[in-house]
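Me: I have a structure open and have not looked at it before. Can you take me through it?

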Protein chains: 2
Amino acid sequence: MVEEVLKDEPADPTVDSGFVRVRLDLAYDGTDFVGWARQPGQRSVQEVLAAAIAQISRLPKPPIVTCAGRTDAGVHARGQVAHVDLPATVVGRAGHGAVGVEAFMAATALEQFEFSLRAVLPRDLMLQSAQRAPEGFDARFSALWRRYRYRVCDDRTQLDPWRRRDTLVYSRPLDVGAMNEAADLLVGQRDFASFCRKRKGATTIRTLLNVAWSRPAPHLAELEITADAFCHSMVRALVGAMLNVGDGRRDLDWLSEYLNRRVRGPGVTVAAARGLVLDHVAYPSAAEMAERQSLTRARRFLPED
Amino acid sequence: MVEEVLKDEPADPTVDSGFVRVRLDLAYDGTDFVGWARQPGQRSVQEVLAAAIAQISRLPKPPIVTCAGRTDAGVHARGQVAHVDLPATVVGRAGHGAVGVEAFMAATALEQFEFSLRAVLPRDLMLQSAQRAPEGFDARFSALWRRYRYRVCDDRTQLDPWRRRDTLVYSRPLDVGAMNEAADLLVGQRDFASFCRKRKGATTIRTLLNVAWSRPAPHLAELEITADAFCHSMVRALVGAMLNVGDGRRDLDWLSEYLNRRVRGPGVTVAAARGLVLDHVAYPSAAEMAERQSLTRARRFLPED
């Protein structure tokens, strides 16, 4: 499935002349999507979004939309970023140097595009903004880091019933202190093969920048986890391992050993999708953008998200 | 509809011998309920709860369940309190003075009742706890005060799509400062007839103890509103009026005049149910309970909630 999507992405993100790259900031309720990536006959964020763009722009076929974090089925987003290359006739012809009337016309066209797209998208997919992307911007390869959040309730009698949609209900009480000790073992640049589905030609080395659990309410535990990038299902496998430490079924020695074996084993449960939210993706300033893009491509062959 | 429910409630809440009064603490997602109160052929909280109690207790017919705040269709609760009188054979025979084996047997029976009831209730109706009610406890008449919360988003592009269930999306930007000035006009003991549906024989004098708006996030405004009791749809009518002040369509003079005319007029919109949550109901200590009950009954004839 992931492979299939990759084939759709242009090897060289340089835009054909006559096209303008647009950055889309998105939020969605993942419950009724099969995830970001297109799957034949299924309702994916990518497909719903591309179809809506084609509809309002009167394109002959849905455009390719590339995102920063390819979320799985049921995973939510409040900080998803994507890019799409559209004919200048749709979003205005002005280049980055445009001034005066030319710039105004382009801004108006883009505002109209944003307004129309927001109006046709379904209720569970919200366009936060559509902007002209800076020179060299690529939603996936320009990203500096991604931040996810995971929400767990370990006393289901106290959970607001309308929050079951974005909260994992866990049947054992969790020790947030122990989970933070587990988190400390994970932070840093490491080979996370133990927590990733192996893919040929792809490295599983990632840099976890921050992993921290908190208790925003007595019945809730919440994780904030930030990395340069994550492998497929890596966040949820890490959450699963930390939950097992938090409920006392596993200890830190086990986690340490498991991390170091560098092969995914049956010992780790992938935590349910509903608790996970793609919270934020960070990018460099416009000036540093082009440089960053070539750097990332060179360092990691086919990073996932 | 309200009248009909009232008829079901025993005029004298003193429990027949052989029955035990149980206090139920409840949370629910109001989206798929027609509200608390039973309505023929509809899915109400009262009916679903009573049917579940009858099922696990093998009662010949659903018991009467009385709540502290009769929420409307679509209104949520995280702090609803109800009481129900059940045969001692179901929840244990021990009186308040029971000790030793007798008390243990009763506690076990009640725990079993709580466990079973929680298991059969649907996902959108959560039993937080079932306890033996203190002497003289009445979910409605013993309540000291009720607190509600209302959640509004005035920038829909920034709302987490999975929070549409408990958030009103408002199309105009809101001035929380102005709404708090409006709130200050409302606090105190007043006749809120302008914000209530008139009912024969019922007073519309209520004491608003606290009304305060805050901005927990840049795109959100949240109200906390506390009163001894509220008339039917009073909270949502007050919210509607304050929103009209917050968006600049009305001013404080208008609110002041409207409040003082003491007749409900077409000038006030009842804000949508989805944003409203019954947050908490406060009761006196067990010792003060019996005294409180007779006091409330005397002061307000048939208070609503």
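Me: How many residues does each chain give to the contact?
Reply: Chain A puts in 20 residues and chain B puts in 20 residues. Two residues are in contact if their C-beta atoms, placed from the backbone, lie within 7 Å.

Me: Which strands of chain A supply that side?
Reply: Strand S1 (19-28), strand S3 (76-87) and strand S4 (125-132) of chain A each supply at least two residues of the side that touches chain B. S4(A) gives the most, with 4 residues. Helices (H or I, at least four residues) and strands (E, at least two) are DSSP runs, numbered from the N terminus.

Me: And nonpolar, polar or charged?
Reply: The side of chain A that touches chain B has 7 nonpolar, 5 polar and 8 charged residues. Ala, Val, Leu, Ile, Met, Phe, Trp, Tyr, Cys and Pro count as nonpolar, Asp, Glu, Lys and Arg as charged, and the others, Gly among them, as polar.

Me: Before more numbers, what am I looking at, and how is it labelled?
Reply: This is a predicted model, in which local features need pLDDT of at least 70 and side-chain atom pairs count only at pLDDT 80 or more, while totals for chains, interfaces and linings use all residues. Residues are numbered from 1 along each chain as its sequence is written, and chains are lettered from A and ligands numbered from 1 in the order in which they are written.

Me: OK. What turn lays chain A on chain B?
Reply: A turn of 180 degrees, with a shift of 0.0 Å along the axis, and the RMSD is 0.0 Å. That is the relation of a two-fold axis. Copies are superposed by least squares on the C-alpha atoms of residues with pLDDT of at least 70 in both.

Me: Which residue of chain A comes closest to the rotation axis?
Reply: A:Arg163, with its C-alpha at 4.1 Å. The same surface serves both copies, as 100% of the contact residues of chain A recur in chain B.

Me: Now chain A alone. How many helices and strands?
Reply: Chain A has 8 helices and 10 strands. Of its 305 residues, 40% count as buried. A residue is buried if 20 or more other C-beta atoms lie within 10 Å of its own, exposed if 12 or fewer, and partly exposed in between, with C-beta atoms placed from the backbone.

Me: What domains does the assignment give for chain A?
Reply: Domain 1 (2-142) and domain 2 (145-279). Such bounds come from an automatic or database domain assignment. The centres of the two domains of chain A, taken over C-alpha atoms, are 30 Å apart.

Me: How many residues of the two domains are in contact?
Reply: In chain A, 16 residues of domain 1 are in contact with 11 residues of domain 2. S3(A) gives the most to the domain 1 side, with 5 residues. By class, that side has 5 nonpolar, 8 polar and 3 charged residues.

Me: Let's go to helix H5 of chain A. Which residues are buried there?
Reply: In H5(A) (residues 176-186), the buried residues are A:Val176, A:Met179, A:Ala182 and A:Ala183. They fall within an arc of 110 degrees seen down the axis of H5(A), so they line one face of the helix. The arc is that of the directions from the helix axis to the C-beta atoms.

Me: What do they pack against, and what is exposed on the other side?
Reply: The buried residues of H5(A) pack against strand S8 (205-217), strand S9 (220-227), helix H6 (234-246) and helix H7 (252-261) of chain A. A:Gly177 and A:Asp184 are exposed on the other side of H5(A).

Me: Any non-glycine with a positive phi? Where is A:Ser233, for one?
Reply: A:Ser233 is in the loop between S9 and H6 of chain A, and its phi is near 60 degrees, a positive value in a residue other than glycine. A:Ser233 is partly exposed, with 19 other C-beta atoms within 10 Å.

Me: Last one: where is B:Gly35, and what is it in contact with?
Reply: B:Gly35 is in the loop between strand S1 (19-28) and helix H2 (45-57) of chain B. Leaving aside neighbours within four places in sequence, B:Gly35 is in contact with B:Ser44, B:Thr71, B:Asp72, B:Ala73 and B:Val75. B:Gly35 counts as buried because it has 20 C-beta neighbours inside 10 Å.
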